[in-house]
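Student: Please pick one part of this model and go through it closely, with the numbers. I would like the local contacts placed in the context of the fold, and the reasoning given wherever a class depends on a threshold.

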Amino acid sequence: MTIPCVRCSAPAAAVMAFNYPERKVWVGDLPESGPVSPAYAMCEGHANRVSPPVGWTLTDLRHPVRPLFVNREVA
């Protein structure tokens, strides 16, 4: 089952959650299974453009798809 983005109904790729008392916003990876509540499901495009309210902190906890550079040991 595909979860739709709350903004545009495209397939979700991330979740966004709030902590109102601490004025914090988190964007994280979409869970492999289970509900996303109380977080909001978002497509990659909307998750990349999230901006918190003035005075709030945004933390992006998403894991990168793959690194641009890989460390290699030199023999």
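**A close look at the first hairpin**

Tutor: Glu 22 is partly exposed, because its relative accessibility of 48% falls between the limits of 20% and 50%. The model is a predicted one, and every value below is computed from it. Glu 22 makes a salt bridge to Lys 24, with 3.4 Å between the closest N and O atoms; this distance qualifies because the limit is 4 Å. Lys 24 has a relative accessible area of 30%, so Lys 24 is partly exposed as well.

The backbone comes next. E1 and E2 form a hairpin with 4 residues between them. In that turn, Arg 23 has a positive phi of about 55°. The pairing of E1 with E2 is antiparallel and runs over 6 bridges. Within this ladder, Ala 17 is opposite Trp 26 of E2. Trp 26 also has a bridge partner in E4, namely Thr 59. E2 and E4 are joined by 4 bridges and run parallel. Strands of a sheet pair through backbone hydrogen bonds, in either a parallel or an antiparallel sense.

Both pairings belong to an open sheet of 4 strands in the order E3-E1-E2-E4, and the pairing is mixed. Strand E3 (40-42) and E4 are the edge strands, each paired on one side only. From one strand to the next, the twist averages 25°. Along the chain, the elements follow the pattern β-β-β-α-β from the N terminus, for a total of 1 helix and 4 strands.

The side chains around the hairpin include an aromatic group. With a limit of 6.5 Å between ring centres, the count is 4 aromatic pairs. One of them joins Phe 18 and Trp 56, whose centres are 6.1 Å apart and whose planes are at 85°, an edge-to-face arrangement. Phe 18 is in strand E1 and Trp 56 is in the loop between helix H1 (44-48) and strand E4 (57-60), so this pair ties together parts that are 38 residues apart in sequence. Phe 18 is partly exposed, at a relative accessible area of 30%. Tyr 20 and Trp 56 form another edge-to-face pair, at 5.8 Å centre to centre with 85° between the planes. Here the link runs from Tyr 20, in the loop between E1 and strand E2 (24-29), to Trp 56 in the loop between H1 and E4, a separation of 36 residues. Tyr 20 is exposed at 54%, because the limit for that class is over 50%. Ring pairs connect Phe 18, Tyr 20, Tyr 40 and Trp 56 into a cluster.

Tyr 40 leads to the N-terminal segment. Apart from neighbours within four places in sequence, Val 6 is in contact with Tyr 40 and Ala 41. Val 6 lies in the segment before strand E1 (14-19) and is partly exposed, with a relative accessibility of 49%. Its C-alpha atom is 9.4 Å from that of His 46, which is 40 residues away along the chain. His 46 is in helix H1 and counts as buried: its relative accessible area is 18%, and the class requires a value under 20%. With residues up to four places away in sequence left out, His 46 touches Cys 5, Arg 7 and Cys 8.

The count of salt bridges is 2. Besides the one between Glu 22 and Lys 24, Arg 62 and Asp 60 meet through their side chains at 2.7 Å, N to O. Arg 62 is partly exposed at 24%, and Asp 60 is partly exposed at 44%.

The totals for the protein give the wider setting. Of its 75 residues, 24% are buried. The accessible surface is about 6,200 Å², with 55% of it belonging to carbon and sulfur atoms. Among contacts with a separation of 6 or more, 59% are between residues 24 or more positions apart. The separations of 38 residues for Phe 18 and Trp 56 and of 36 residues for Tyr 20 and Trp 56 are to be read alongside that figure.

Notes: Residues numbered from 1 in each chain as written. Predicted model: local features only at pLDDT ≥ 70, side-chain atom pairs only at ≥ 80, totals over all residues. Heavy atoms only, no water. Helix = DSSP H or I, 4+ residues; strand = E, 2+ residues; numbered from the N terminus. Buried < 20%, exposed > 50% of the residue type's maximum accessible area, 1.4 Å probe, protein only. Contact = heavy atoms within 4.5 Å. Phe/Tyr/Trp six-rings, centres within 6.5 Å; stacked < 30°, edge-to-face > 60°. Areas by Shrake-Rupley, 256 points an atom, 1.4 Å probe, with all protein chains shown as cover. Pairing = 2+ DSSP bridges. Axes fitted to C-alpha atoms, helices over the stretch in contact; angles between N-to-C directions.
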